[in-house]
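Grab a pencil and work through these exercises with the structure open beside you. Try each task yourself before you read its solution.

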Amino acid sequence: MPIQIFCSVSFSSGKEAPGPLGDVWGPHQQQQQQQQQDSSESEEEEEEKENEAARKEAREGDLPVDLVAFANSCTLHGASHIFVEEGPGLRQALWAVAFVLALGAFLCQVGDRIAYYLSYPHVTLLDEVATTELAFPAVTFCNTNTVRLSQLSYPDLLYLAPMLGLDESDDPGVPLAPPGPEAFSGEPFNLHRFYNRSCHQLEDMLLYCSYCGGPCGPHNFSVVFTRYGKCYTFNSGRDGRPLLKTMKGGTGNGLEIMLDIQQDEYLPVWGETDETSFEAGIKVQIHSQDEPPFIDQLGFGVAPGFQTFVACQEQRQLIYLPPPWGTCKAVTMDSDFFDSYSITACRIDCETRYLVENCNCRMVHMPGDAPYCTPEQYKECADPALDFLVEKDQEYCVCEMPCNLTRYGKELSMVKIPSKASAKYLAKKFNKSEQYIGENILVLDIFFEVLNYETIEQKKAYEIAGLLGDIGGQMGLFIGASILTVLELFDYAYEVIKHKLCRRGKCQKEAKRSSADKGVALSLDDVKRHNPCESLRGHPAGMTYAANILPHHPARGTFEDFTC
């Protein structure tokens, strides 16, 4: 940084002393020098005044806005009445109390609204939509008896003994069928193949079938295996079959079937096991085509000797909210067995994996390529494992509620069949006795009550837009503020902090820098000590002058002492 040297030279107003330069330095030259010195001093004074004014303006620019001025310009109601130039008084105190009370009420309301929002409330909307046609649901039914007695041979009985609760030494007490070809084929016994052969056949049970007034038959049903063995599904939509639709509601515009449950084919109860059934009739489940049947858990029973009417109501587009508003979960089916997710598909998939891991086999109704469990494995491992899974190991199979699903509401009613007037006719028609008709025949009539469907949707009762609206309304009501008012407060706080930081650090550095740029003033003694003009002292003696050329200054030996 360059160093500026200022030499201050003052002249006396009296006459100069005579000396060697008296003739050379005349009055005219002295007057010119005096004028130049006066003008230089006046310029320095003006420059000093300008610098002082600039520094004052800079300091005033760094000061924050006055609190009273800010209160008068701020959009916060009440602030201009609290902060006034006259200072605090009774009126200002009353305004301050009113402002504090309003602010407290506002904060209480804000806390209440935030607490309500964090409770994540929801509402459920129910609507009925009329339509001209509806897709008929899938209907699965199973006979509660898994194996026909007429198809059971002695080797079969020995093989199934662990599942039937029969000891090998016990006499079955019923006539048995002769062994079939499988007994001599040398192939290992397969439970799936055995059920497929010995279960109740649809062709034998189905006495009458009608859909929307037209005939139907076994070709309209698909075979599916459940815990009840071999079952049958109407309108399954599998194997490329189109879904059946209905154009009207009410009895006669759906599925109507008459079944013979064949109680004379039921197996005797030799002991109690998980596969033992004490009921007579069928289990029925009405479900969508996208989910597999879970009939042992979700089916309803239909007893012989009655005509059962089932009025359905489709509940489509059941839309549930995910946590924290609801309990559903938007999941995709990560399974090798099922394409679409449902609770029943999830449970069957989970139970299958659990049995394969613990028993190295699967039950007849379970998908996959693992070997089927033998009757011994059913008794010793599979049934106890499933019981343990359902009762105690709740964390292994966690099937979340899907956020979108379709289900069917049902209303059941029934009448006695046959009547006394029709018993003889039905016995003659089916070549059975009246007692057999009363004990084995049932009629199932499934239809839509009305040709519409329900939509049930969960929605958030209080969203972020409502929360902000309530807070804004309370803010305007109690303290007359808005979002821009909050920005004004933050802006004023920023100016105050900036001013304090500037005074402590930044402005001090600027002051040092500005003072350093003004130069350094040195006295003649300082210059003499530094002796910058040493070379001039080697000049001839003729260059020396009288020391009293500068009035009121001590004597100097040479002219360079004056100039430097």
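**Exercise 1. Find where D349 and R353 sit, and say how they are linked.**

Step 1: Look in helix α9 (residues 343–359), where D349 and R353 both lie. Helices here are DSSP runs of H or I with at least four residues, strands are runs of E with at least two, and both are numbered from the N terminus.

Step 2: Count along the helix: the two are four residues apart, about one turn.

Step 3: Check the link. D349 forms a salt bridge with R353, with the closest N and O atoms 3.0 Å apart. That term calls for a side-chain nitrogen of Lys or Arg within 4 Å of a carboxyl oxygen of Asp or Glu.

Step 4: Ask how covered each partner is. D349 counts as buried at 7% relative accessibility, while R353 is partly exposed at 37%. Buried means under 20% relative accessible area, exposed over 50%, and partly exposed in between (1.4 Å probe, protein chains only).

Before you go on, a word on the numbers: this is a predicted model, where local features need pLDDT of at least 70 and side-chain atom pairs count only at pLDDT 80 or more, while totals for chains, interfaces and linings use all residues. Residues are numbered from 1 along each chain as its sequence is written, and side-chain values use heavy atoms, with hydrogens and water left out.

**Exercise 2. Work out which parts of the chain are tied together by the salt bridges of D204 and R227.**

Step 1: Start with the total: the structure holds six salt bridges.

Step 2: Take D204. Its side chain meets that of R148 in a salt bridge (3.4 Å, N to O). D204 lies in helix α7 (residues 202–205) and R148 in the loop between β4 and α5 (154–164), so the pair ties together parts 56 residues apart in sequence. D204 is partly exposed at 38%, whereas R148 is buried at 8%.

Step 3: Now R227, which forms a salt bridge with D383, the closest N and O atoms being 3.5 Å apart. R227 is in the loop between β7 and β8 and D383 in helix α10 (residues 375–391), so this pair ties together parts 156 residues apart in sequence. R227 is partly exposed at 25%, and D383 is buried at 6%.

**Exercise 3. Put the five strands of the open sheet in order and see how they pair.**

Step 1: Read across the sheet: the order is β7-β8-β4-β11-β12, with antiparallel pairing. Two strands pair if DSSP finds at least two bridges between them.

Step 2: Spot the edges. They are β7 (221–226) and β12 (300–302), each pairing on one side only.

Step 3: Zoom in on β7 and β8. They pair over six bridges and form a hairpin with two residues between them. Along this pairing, S222 stands opposite T233 in β8.

Step 4: Cross to the next neighbour. Three bridges join β4 (residues 138–143) to β8 (residues 229–234), and V139 stands opposite F234.

**Exercise 4. Is β8 largely enclosed or open, and why?**

Step 1: Count its buried residues: six of the six.

Step 2: Draw the conclusion. With six of six buried, β8 is largely enclosed by the rest of the structure.

Step 3: Compare with the whole protein, where buried residues make up 35% of the 564 residues.
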